[in-house]
Amino acid sequence: MKSLGLMLNFKKMRGSHMLNTWHSYVKWRLLHTSSQALTTNEHEVMSKIRNIGIMAHIDAGKTTTTERMLYYSGYSNHLGDVDHGDTVMDYMEQERDRGITITSAAITFNWKGNKINLIDTPGHVDFTVEVERSLRVLDGAVAILDASAGVEAQTLTVWRQADRYQIPRLVYLNKMDKPRASLSICIDSLRNKLHVDPLLLNLPIGSGKQFVGVYDLINMESLTWNDSKSHDGSSFETQKIKLDGSNKDEAAILKARADLIGKLADIDEAVADLVLCDTQLDQIPTQVLVNAVKTATLNRKIIPIFCGSSLKNKGVQPLLDAINYFLPSPMEVNYGFSKYYGSHLCALAFKVIHHKQRGPLTFVRIYSGMLKSGAHVFNINRALTEKTTKLLQVYADEYHDLSTAVAGNIVAVAGLKQTYTGDTITASNKTAEEAARVYIHEMGQNKPESKIKDLKKAESAEEAEEEDSLTSDMVPILAGLSVPDPVFFCSVEPSSLSVQKNLDMALEQLQKEDPSLKVEISAETGQTILSGMGELHLDIIKSRLEKEYGLDVDLGPLQIAYRETILTDAEVTQVLDKDLGGRHQFAHIKLSLHPDVENREFKHVILEKSVDHPLNIKHKVLKAIELGVRSGLSHGSLLKFPVIHTSVHLHEFNSHYHTTLPMVTACAAMAVQKALKSADSVLLEPMMAMEVTTDSEKLDVVLSDLGRRRSHILNVETRLDTKVVTVVTPLQELLGYSTALRSITSGTASCTIELSHYEKMSEEEAQKVTERMVGFHPSTMC
């Protein structure tokens, strides 16, 4: 009755008062009238859910740690071993063959009353997009470090990704049983490389092969594992730490405890009050410390540090306890745009895989509302409705049917054939529109009065339709993913033309699964071109085509994905004037290109407004212009590589009433191409940041080899009895480098590689690339 009365009153009103009442009504509906509202009696309590990810450098022990978590929680009845190829999480054939994680795997298990949705992510740089899309939907993360190495190259990358999404983190120092394991080196590397404030909550008991457990500095207890009493590490001995002079580690324990309380006192009032009251360090209540650590972790003021050896089955249970105590539940995280949906469904699709029996499975994180099996959902990004056929709880490569899933959960959905990674889904188009109106109303309160009037103005039917289009485009959707640039590309050819169609379908599915894989058809040769993140990435794609899709394919030689940029400004005018389909199409564009050192990728056109050209361009027309600009920048004037570090300024734009948006896009693309030809363009090559770890006696050989590869040596540091070389090297010089490094160091050195930036090539090197790409020296091109 309340809803009906409000509707009747709404129909009687006019003008701005009517609009404000409508906004109030919509907001009231979103927050109170959904049949999908959550109740603690009917559904699981969100405070008991933890959505976490495991992230680390390759070979730090992510999968081994996850396998121990599954075993101790009772989910698995055996200790999975990466070397034996019998892990639960690395279930792909390629993962078990190579002993590495290639795709992120999700699993759900329980630990001491909490439901943990865990995602194990890859550590290899070629699969960094798997980490990106996993972190996008997680509430917390555990970063695992090799205690003998500290922070490594890929650790920096995944840490920056977690920073982008403001995710609270714990750090687990794994492999404390290794001879070179060093707590101090790890702590220093966290401070110096990640610029964080580590808070030590564990101290190791013993070192190297004598590592037997940890001191818990919160509860002041020692936790020790005895292999003879419990070979699988499922039971351990807990004792109160004695501070009577009998413990050889007493001084280190007291210092670490004092440091812990001192740091917490600086950021937590409850701890500070106890310290000011001269409370003894061992008398401060445990719960006060736990609360302080959790608050500081959620606010990302400190990073709690834990120790263990997952392979030796020591230290994993305290890490699981820490996940429960210190990482947030969905109720403790602010999700931004999801609030505009109230209690209606709002979910983000973050991963798509193709199951042989079930078809496409879409992994979604539910931020609000409820998702039911068999329900229809609306994809906001693609403006279409699809029906779910099954709702599934994910256990690595096993799936259990669900009838419903509520906010805070991560589940897989079968039946969504047109939903891609990064898409936002909600209950219906009507829900999306209502959320958009609340969003615009809230944003409008912070806008100048003139802009609000422009938004409300509708002088004709066409302008009213235009405003609806604007509203649709402003539906609050969750941000998509940041996909890194491919650095390699190669051609792919089927063994016979009869399977070309099957190859195209397989590549379409793989591209849907993997956003970092780019597939395009060369306009010059007609070949299918694959672009990926590295040699291993493209090799895995070839292996999957052969083993999963039964296709015999050949990959062409690997090519470097160069970039182009401009050195000088260029200003052009482009006019498109033609008759098409019985309608006169006219567009006039004047724009300029400028070097932009700060921004690598083009984002938006900069409007250069003037009295003569105010550039009052409709929203959808401006989007069409930007689409044309992106198209024009996708192929440079030298070797058709994408153009980066370039800004685009729009000075003039005119078009006829009947000019279609595709014609506007085409005109903008031609203008950009014309400007690129008149500007001075240069080639840019990808520069790779490397860390090479080698023995001291092989250092000179490694440095000499790097010098021949046009490398910039940034730093050489000593880590125990090894040398770590930090270097930036052109990607062209690193083809086959891992094999060469093993050869010159007799297999004692290792390296990690990731994209750093793009750098201008010398004229000599650019000529070599041109000759390699087009088949002859550029000096003959006249």
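Me: Which residue in the turn of the β17 and β18 hairpin has a positive phi?
Reply: Quick background: this is a predicted model, where local features need pLDDT of at least 70, side-chain atom pairs count only at pLDDT 80 or more, and totals for chains, interfaces and linings use all residues. Residues are numbered from 1 along each chain as its sequence is written, and side-chain values use heavy atoms, leaving out hydrogens and water. The hairpin has 2 residues between its strands (strands being DSSP E runs of at least two residues, numbered from the N terminus). In that turn, the residue with a positive phi, about 60 degrees, is A396.

Me: How many bridges link β17 and β18?
Reply: Strands count as paired if DSSP finds at least two bridges between them. Here Q393 stands opposite H400 in β18. β17 and β18 (residues 398-402) run antiparallel, and their bridges number 5.

Me: Which residue in β20 stands opposite L392?
Reply: β17 also pairs with β20 (residues 410-414), in the antiparallel sense over 3 bridges. Opposite L392, you'll find A412.

Me: Is β17 largely enclosed or open?
Reply: Buried means under 20% relative accessible area, exposed over 50%, and partly exposed in between, with a 1.4 Å probe and protein chains only. In β17 (residues 390-395), 5 of the 6 residues are buried, so the strand is largely enclosed.

Me: What is the angle between α9 and α10?
Reply: Helices are DSSP H or I runs of at least four residues. Axes are lines fitted to C-alpha atoms over the stretch in contact, with angles from 0 to 180 degrees between N-to-C directions. The axes of α9 (residues 269-276) and α10 (residues 286-298) are 9 Å apart, and the angle is about 135 degrees.
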